[in-house]
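Here are my notes on the two-chain model you passed along. I've kept them as numbered points so you can check each one against the coordinates.

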Amino acid sequence: MIARSVLWAGPGHPAIARPDARSLWRAPVGSDSIRRVTTEPPAARETEAAPPVEQPEAAATPAAPLHAGIGNAAFGQMVAAGLVPGVPFGAGNATLARMLSGPRMLSREELPTPAELAEADAWAADGIRRGTDLTPGAPGAGLNNAPGGFDAEYDPATGELVVIMRCGVEFTDGISRAGVARPGLQNQLDRANAMPEPQRRARLAQFRWSEDKSDAERVAFKSGVETQIEAFWGGRHEFFLRKRGWSWLGATVRIDLQVADKEDVPDAHLTMRPVKVPADVSLGANVQPGQLENAQDQVMNLSSNLNASDNFLNHRVTFGVNSSAVVGAQATSLQQVIDTFKGAVQAGRPGVADTRSIQTPVVLTGHASATGSPEHNQILSEQRVDSVADFMSRNGFVNVETRVGGTGVGDTEAAGGERAEDRRVDIVVGSGGSQNTVAHEFGHAFGLGDEYANTPLVSSGLGRDTGTPQMGDDATHDTLVKQMVDAGGTPLAGAVCEPTDSIMSVGDVVRPQHYATFHASLTEITAQSPWALGPPTGRNDPLPGGAATETGPGDFPVPARGEGDPVAV
Amino acid sequence: MTDAMGVATRALTGGADRLIVAYEAGNHLHRYGARVYADGRYEQFSTRRASEQPEWERYEPFGEQAIEAIAGAVDAALAARLPDHISAGDPPPPDAATAHVTLRDREIEIGNWPENAPAEIQRVLDAIAEQRERPPTRSTWELWSRGAVVALEVGCDVGNVAVLHALDDALFMSAVAPGEAPAGDDPPQGTPLVRVTFSGRGGDDVLSVFADGRRVERAAGGETSERRLGADQLAAVRRALAGTDWGALPSRLC
């Protein structure tokens, strides 16, 4: 059975190709003319649209149709496959960015002058710029403001910004040797107390850190934090100095966490208090941000389980036998998904997305049980997808026609027989990935605020006065994000609170806006601006044109990453 | 209380199921709670997701005296006339937890839990915890020390006996710091390095660790299980034994 895609766009909503590898095909919804297209052809389809690129780098006249509809990932795949004439195999981001910078002839005035280049050279020759005890998040405002706290170094020679955070660990027992449970663990203590004494002692020991500093679990925690957070937060985006003659100066971002026992780090930026729990026990986490201008008084409360994660982005709707109707409890459940992930809207304009909204795409996959013919089940699974999309469209989900796509897979994944769980539509919001709790909390330690919001599936029923942002609130780093510019010099729209797949919301995606405090630090310690998102240019290149704004706040050039790396936009 | 944070509690506050105290706390990453009824019932839940309804789990009920103690703490908190709402702060910290506490028929919302919990509320929670304390299990520790077996009686919880902490950790912690075992003589075959007999209500649970690394548990019901300690753990047991002159201690440690 061939999987099919179903797309939605009503009259007046022409199919829109998002500049993203997850581009969706669309057709009129609720009509008889739903277009069903196989999911195979993104690269081929996009390749057909790409004309030969013949301009040399220094005077790039690149592919306008490319940047109009293709994301980095797709374009990279095309280059790798040799599908883009004129682009050499292995061409880097810088080359591609220059090629994508605008279909126009350059004037002499746009090229760097010898004097400008000499000025940049002299500045770079002064060497590394350093800043200590930075609190770049301090200018933020609103709920949950966290100033962050770290040192930073920029080396013009290597083109690297290093964010250095010293973390002192106060190992905290979940249940003390004296039998006192931390908040949230009383039930675990009560359960252990019901066990025979040897098992009880073994169980309670899992809630205690060893007092020996060389203990394997203590060592593993410290090295685990370094490894995990440095990889997660580093290298996701990069900057270049968007000044004529200076744009060859770039800044990749590397995170250098220095994690040690608290008593060994008297000047720690962050105190971590990992509460020891066994792997099968969950516990919340938060950051106490401390004073806005103090870079060394943040405290992170977390569990000892560095793999603790939650997935908010995968949902499902089930159906009756041979039915595609969304009714009853399933309608209630789907409404909760809609109300959670519909996206922030403009004040007083329901249905009109906030300009800062991520507009996270949603992918629906329809299923049918194994009873009945495969042909009928294929149609039924597609009808179920249509039905869910239609329900979303009628019940408040913003921009269904551009955000929601789907596929019916018939009974190809059914277990057999008439099982309720086979009669379903899977709903995947954005990346669909789980959020690692520690990675999210480190976002706060870097000075970012929360981006989630009080919605049915996230912090339901909690108000601002309890510290829970509401849908559409400014994220505390909103103002910092607005000070960032894309490769073309256009300011980013900002950051708004809404449940999405972003790391500071309820997902796992590190977007350019999440580098706002790194960007602010880079600007501060170099005393240069604007540092724009994107790779540096060639030394004699003109500044890139402004092409990226049409892709929304999340989609800007990202550093090349290896296959299998976490998603970054 | 509102939505998922309070529905279950509110439904059970009246009639024969008279509620003395309940609380639900957490953020979108983790929630937990407990409730105590006048008839002694004690229930708790813990869940990862804010959107999930609590699955209350029953625990061994409280006796009358325990209920009296908890009710006394609750009434003291009620007498303190706490506000209905306690703010998380200005600005509230990121990912702050929120608690909804019900004292009989009075509901209080507390932001930035547990940091902002009033002392009166904390005393209620402490009262519950105190009433859950397990009576100490008497134990006998037979330790191979300097060529002889030394028997020590422990009438309190082992956690309260500092001299036993290193040995307790070596025996029961799943991970220990790597290190060398000190040189020393081993007991004769069949004599363990350590034998601990825990005297419970249902009989004796016996744990033995032998010089060859065998760790044998014999439950009160007679079931026996055996596994082999890793080199680091056995070395930790030996270090703990060698670190104290056990024969010089009084035969009853508490």
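1. Start with chain B, where β1(B) and β2(B) make a hairpin with 2 residues between them. Strands here are DSSP E runs of at least two residues, helices are H or I runs of at least four, and both are numbered from the N terminus. Two strands count as paired if DSSP finds at least two bridges between them. In this hairpin the pairing is antiparallel over 8 bridges, and Ala25(B) sits opposite Tyr32(B) of β2(B).

2. Before going further, the housekeeping: this is a predicted model, with local features needing pLDDT of at least 70 and side-chain atom pairs counting only at pLDDT 80 or more, while totals for chains, interfaces and linings use all residues. Residues are numbered from 1 along each chain as its sequence is written, and chains are lettered from A and ligands numbered from 1 in the order in which they are written.

3. The next hairpin joins β2(B) to β3(B), with 4 residues between them, and Gly40(B) in that turn has a positive phi of about 100°. The pairing of β2(B) with β3(B) (residues 42-47) is antiparallel over 6 bridges. Val36(B) has Tyr42(B) of β3(B) as its bridge partner.

4. How many residues of β2(B) are buried? It's 8 of the 8, so β2(B) is largely enclosed by the rest of the structure. (Buried means that 20 or more other C-beta atoms lie within 10 Å of a residue's own, exposed means 12 or fewer, and partly exposed is in between; C-beta atoms are placed from the backbone.) His30(B), Tyr32(B), Ala34(B) and Val36(B) are on one side, with Arg31(B), Gly33(B), Arg35(B) and Tyr37(B) on the other, so to speak a strand covered on both faces.

5. Zooming out, these strands belong to an open sheet of 7 strands in chain B, ordered β4-β3-β2-β1-β6-β7-β5 with mixed pairing. The edges are β4(B) (57-59) and β5(B) (85-86), each with a single partner strand, so one side of each has no neighbour in the sheet. On the other flank of the hairpin, β1(B) (residues 19-27) runs antiparallel to β6(B) (residues 97-103), joined by 6 bridges. Glu24(B) is opposite His100(B) of β6(B).

6. Helix α2(B) (residues 64-79) lies across β1, β2, β6 and β7 of chain B, at about 75° to β1(B). That angle is between N-to-C directions on a 0 to 180 degrees scale, with axes as lines fitted to C-alpha atoms, for helices over the stretch in contact.

7. Chain B is assigned domain 1 (3-132) and domain 2 (138-248); the bounds come from an automatic or database domain assignment. Taken over C-alpha atoms, the two domain centres are 40 Å apart.

8. Now chain A, which has 14 helices and 20 strands. Of its 569 residues, 54% are buried. Two residues are in contact if their C-beta atoms, placed from the backbone, lie within 7 Å. Among chain A contacts between residues at least 6 apart in sequence, 74% join residues at least 24 apart.

9. Is α12(A) enclosed or open? All 9 of its 9 residues are buried, so α12(A) is largely enclosed by the rest of the structure. Among them are His440(A), Glu441(A) and His444(A). After α12(A) comes Gly447(A), with a positive phi near 110°.

10. α8(A) has 18 residues and spans 25 Å from first C-alpha to last, close to the expected 26 Å (1.5 Å times one less than the number of residues). Its buried residues include Phe221(A), Val225(A), Ile229(A) and Trp233(A), and the cover over the buried set includes β5, β8, β9 and α12 of chain A. Gly235(A) follows α8(A), with a positive phi near 70°.

11. Finally, the contact between the chains takes 52 residues from chain A and 56 residues from chain B. On the chain A side, α7(A) gives the most, with 5 residues. That side divides into 19 nonpolar, 23 polar and 10 charged, where Ala, Val, Leu, Ile, Met, Phe, Trp, Tyr, Cys and Pro count as nonpolar, Asp, Glu, Lys and Arg as charged, and the others, Gly among them, as polar.

12. One residue to click on is Ser214(A), in the loop between α7 and α8 of chain A. Ser214(A) has 11 C-beta neighbours inside 10 Å and so counts as exposed. Neighbours within four places in sequence aside, Ser214(A) is in contact with Val219(A) and Ala177(B).
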